[in-house]
Amino acid sequence: MNVLKVQGVCKSLGKSRVLSDINFELEGGTVTGIIGENGSGKSMLFRVLSGLVEPTEGCVLYNGESLRKASPDIGLVMDDVSMYPELTGKKNLELLAEIRHQVGLKEIEESIRRVGLDPEEKRVFRKYSLGMKHRLVLAQAIMEKPDFLFLDEPTNAVDAEGVQIFYKIIKEEAKRGAVVLVSSHVNSDIKELAKEVFKMEKGRLSKI
């Protein structure tokens with residue numbers, strides 16, 4: 001079973017403490033939620049968990065090993081995840097798939113369909129609506145069937161139909177055995193999805 005363990009994680013930017021003594025442990029097969037307002041530290045925590053940012057103190061363990069040693073399969077959705085603007089959605093995912101060579105065209109097209117998009121869409125990413133862009137970002141996060149799935153405000157700017165698709169996928173990924181962590185400032189998102197809920201406030205995480 002996949003396990004994510006966060007021990008004493010702190011993050012400072014200059015004299016500002018963004019994360020303070022974060023501790024939790026998550027197991028695969030469940031969805032865990034974090035509720036917090038914008039600026040509370042949620043996005044920084046996700047950057048630390050995914051290895052985009054090094055913590056100032058503490059550690060993150062994937063199945064008992066550090067990020068560098070474990071080299072875990074991580075799927076990530078954040079607002080600042082970007083794609084090549086002049087390429088189609090499928091071509092963007094094909095390029096990303098070439099990095100690890102874990103999936104082929106069949107899996108790429110399947111992930112695009114799962115989020116409610118057409119893999120044969122000819123429009124380039126730049127011409128996608130904001131909701132379509134968010135759907136494609138989710139498709140890239142799930143296409144390699146990651147062991148750890150981190151979704152920061154995944155339903156932001158997504159229409160009602162898209163929200164239901166996202167909910168369904170998140171539940172399916174947990175059922176598959178992934179460690180799924182979802183953040184939102186919308187309580188209804190978290191209540192719909194999460195078995196366990198935390199609150200992030202001024203860089204501190206507390207269980208609700």
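# A walk from S50 to helix α6

S50 is buried, with 15% of its area accessible in relative terms. The cut-off for that label is under 20% relative accessible area, so the value of 15% places S50 among the buried residues. The model shown here is a predicted one.

Where does S50 lie? Its place is the loop between α1 (42-49) and β4 (57-62). The side chain of S50 turns to the backbone: the backbone oxygen of R47 is reached at 3.3 Å. Beyond residues up to four places away in sequence, S50 also has partners of its own. It touches Y62, L67, I74, L76 and F150.

Now step back to α1. How many of the 8 residues of α1 are buried? The count is 6, and the helix is mostly covered. The buried residues of α1 are K42, M44, L45, F46, V48 and L49. Just after α1 comes G51, with a positive phi of about 85 degrees.

One buried residue of α1, M44, leads on to K11, because M44 is among the contacts of K11 and K11 itself counts as buried under the 20% cut-off. K11 sits in strand β1 (residues 3-13). Its relative accessibility is 13%, so K11 counts as buried. Neighbours within four places in sequence are left aside here. The other contacts of K11 are S16, R17, V18, L19, M44, V53, E54, P55 and T56. One of these, E54, also offers its backbone oxygen, which lies 3.0 Å from a polar atom of the K11 side chain. S66 gives a sense of distance. K11 and S66 are 55 residues apart in sequence, and their C-alpha atoms are 17 Å apart in space.

Next comes helix α4, where E109 lies. Is E109 buried or exposed? E109 is buried, at a relative accessible area of 15%. Its contacts, apart from neighbours within four places in sequence, are K90, P119 and E120.

Helix α4 has a partner helix. It spans residues 105-114, and it packs with helix α5, residues 130-142. The angle between α4 and α5 is about 135 degrees, and their axes are 8 Å apart. That angle makes α4 oblique to α5. The crossing of α4 and α5 is right-handed. Which residues meet there? From α4 come S111, I112 and R114. From α5 come L136, A139 and I142. By class, the contact of α4 with α5 holds 4 nonpolar residues, 1 polar and 1 charged.

The same reading can be made of helix α5 and helix α6. Helix α6 covers residues 160-176, and it packs with α5 at an angle of about 10 degrees. The axes of α5 and α6 are 11 Å apart. Why is this pair called roughly parallel? Angles under 35 degrees get that name, so α5 is roughly parallel to α6. On the α5 side, the contact is made by H134, R135, L138 and I142. On the α6 side, the residues are E161, G162, I165, F166, I169 and E173. This contact of α5 with α6 divides into 5 nonpolar, 2 polar and 3 charged residues.

A pattern helps in reading such lists. An α-helix has 3.6 residues a turn, so residues three or four places apart point the same way. With that in mind, look again at I142. It is listed for α5 in the contact with α4, and it is listed again in the contact with α6.

Conventions. Residues are numbered from 1 along each chain as its sequence is written. This is a predicted model: local features need pLDDT of at least 70, side-chain atom pairs count only at pLDDT 80 or more; totals for chains, interfaces and linings use all residues. Side-chain values use heavy atoms; hydrogens and water are left out. Axes are lines fitted to C-alpha atoms, for helices over the stretch in contact, and angles run from 0 to 180 degrees between N-to-C directions. Helices (H or I, at least four residues) and strands (E, at least two) are DSSP runs, numbered from the N terminus. Angles under 35 degrees count as roughly parallel, over 145 as roughly antiparallel, 65 to 115 as roughly perpendicular and the rest as oblique. A crossing is left-handed if the near helix is turned anticlockwise from the far one by less than a right angle, and right-handed if clockwise. Contact means heavy atoms within 4.5 Å. Ala, Val, Leu, Ile, Met, Phe, Trp, Tyr, Cys and Pro count as nonpolar, Asp, Glu, Lys and Arg as charged, and the others, Gly among them, as polar. Buried means under 20% relative accessible area, exposed over 50%, partly exposed in between (1.4 Å probe, protein chains only). A polar contact is a pair of N or O atoms within 3.5 Å; within protein, one must be able to donate a hydrogen and the other to accept it, and residues adjacent in sequence count only if both atoms are side-chain atoms.
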